[in-house]
Amino acid sequence: MDEFTHLHMKEYHLMRKAFAVMTTVAVASLGVIVPATSAQAADCSDAMAGADSGYMFAYDSTNCSGYLGKASGDDSNWGDSALSFQGTDTNSASSILNNGNNYEVKFYNGTGGTGGHICLSRTEGWASSLLGDTFTTGVAANNAISGHAWSTASNCSKWAV
């Protein structure tokens, strides 16, 4: 092999190594530019995909994480020791999900259906964060739900967003 060919072979190998390094850097940087799919879904879509039909769900963190419980019926007192929600579940919800079959869910600030309310429709599906929501009385809804009941849309005057 002459010296000219030998130099070109060295350049060729160096260029291949440089290309491999650049490709590795480019692929690694994509993780910064394009986050993983699960990180992109900063909402309750994964929880909804796995939610039992006919139930409403409540979570103590945003984006439907920190499962508190689920209910297919009404529970007017989340702080008692009966039904689906009990004890420390009261005043703990930061996100809610409605996978009901026929009705909306009416969440109450007080027990026994008292205090203000905020509703979650079946078509809306979920509220990833209650941080900006208020009950009909103007009280902040985050960490303030004390009970719920299934309701028709006509009985709801305030909706979670």
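## Close-up views of a predicted model

**View 1. Ser94 sits in the loop that runs between strand S2 (65-71) and strand S3 (95-99).** This is a predicted model, and we start with a serine tucked out of reach of solvent: Ser94 counts as buried because its relative accessibility is 6%. Look for the polar side-chain atom of Ser94, which lies 3.4 Å from the backbone oxygen of Asp60. Leaving out residues up to four places away in sequence, Ser94 touches Tyr59, Asp60, Ser61 and Thr62, as well as Ser128, Ser129, Leu130, Asn142 and Asn143. Two of these names, Tyr59 and Asn143, return in later views.

**View 2. The whole chain, for orientation.** The protein has three helices and seven strands, arranged along the sequence as α-α-α-β-β-β-β-β-β-β. Of its 161 residues, 34% count as buried. Among contacts with a separation of 6 or more, 62% are between residues 24 or more positions apart. The accessible surface is about 9,000 Å², and carbon and sulfur atoms hold 57% of that area. A word on confidence before zooming back in: the average pLDDT is 83, and 75% of the residues score at least 70. Please read residues 12-40 with care, as their pLDDT is below 50 and the model gives this stretch two contacts beyond near neighbours in sequence. Residues 4-10 also stay under 50 in pLDDT, with two contacts beyond four places in sequence.

**View 3. Aromatic pairs, with Tyr59 and Tyr67 in the foreground.** The protein has four aromatic pairs. One of them joins Tyr59 and Tyr67 edge-to-face, with 6.1 Å from centre to centre and 65° between the planes. Tyr59 counts as buried, because its relative accessibility is 6%. Tyr59 is also one of the residues that Ser94 touches, so to speak a link back to the opening view.**View 4. Trp78 and Phe107 meet edge-to-face.** The two ring centres are 6.4 Å apart, and the planes make an angle of 90°. Trp78 belongs to the loop between S2 and S3 while Phe107 is in strand S4 (residues 104-108), so this pair ties together parts that lie 29 residues apart in sequence. Both Trp78 and Phe107 are buried. With Phe85 included, ring pairs link Trp78, Phe85 and Phe107 into a cluster.

**View 5. His148, a buried histidine in strand S7.** His148 is located in strand S7 and counts as buried, because its relative accessibility is 1%. Its side chain has two polar partners to look for here: the backbone oxygen of Gly73, reached at 2.8 Å, and the side chain of Trp78, joined by a polar contact of 3.0 Å. Setting aside neighbours within four places in sequence, His148 is in contact with a list of residues that includes Trp78, Phe85 and Phe107, the members of the ring cluster. Also in contact with His148 are Met56, Ala71, Gly73, Asp74, Asp75 and Ser76, along with Val105, Lys106 and Tyr108.

**View 6. Lys70 lies over the face of Tyr55.** The distance from Lys70 to the ring centre of Tyr55 is 4.5 Å. Lys70 is in strand S2 and is partly exposed, with a relative accessible area of 26%. A polar contact of 2.2 Å joins the side chains of Lys70 and Asp52. Met56 is another residue to find in this view: its C-alpha is 5.5 Å from that of Lys70, although the two residues are 14 apart in sequence. Not counting residues up to four places away in sequence, Lys70 touches Asp52, Tyr55, Met56, Phe57, Ser84 and Phe85.

**View 7. Asn91 and Asn143, two asparagines with positive phi.** Most residues other than glycine have a negative phi. Asn91, however, has a phi near 55°, and Asn143 has a positive phi of about 55°. Asn91 is found in the loop between S2 and S3, whereas Asn143 is in the loop between strand S6 (126-127) and strand S7 (147-151). Asn91 is partly exposed, with a relative accessible area of 37%, and Asn143 is partly exposed with a relative accessible area of 37%. Asn143 brings us back to the opening view, where Ser94 touches it.

Technical notes:
Residues numbered from 1 in each chain as written. Predicted model: local features only at pLDDT ≥ 70, side-chain atom pairs only at ≥ 80, totals over all residues. Heavy atoms only, no water. Helix = DSSP H or I, 4+ residues; strand = E, 2+ residues; numbered from the N terminus. Buried < 20%, exposed > 50% of the residue type's maximum accessible area, 1.4 Å probe, protein only. Polar contact = N/O pair within 3.5 Å; in protein donor to acceptor, adjacent residues only side chain to side chain. Contact = heavy atoms within 4.5 Å. pLDDT = per-residue confidence, 0-100. Areas by Shrake-Rupley, 256 points an atom, 1.4 Å probe, with all protein chains shown as cover. Phe/Tyr/Trp six-rings, centres within 6.5 Å; stacked < 30°, edge-to-face > 60°. Lys NZ or Arg CZ within 6 Å of the ring centre and 35° of its normal.
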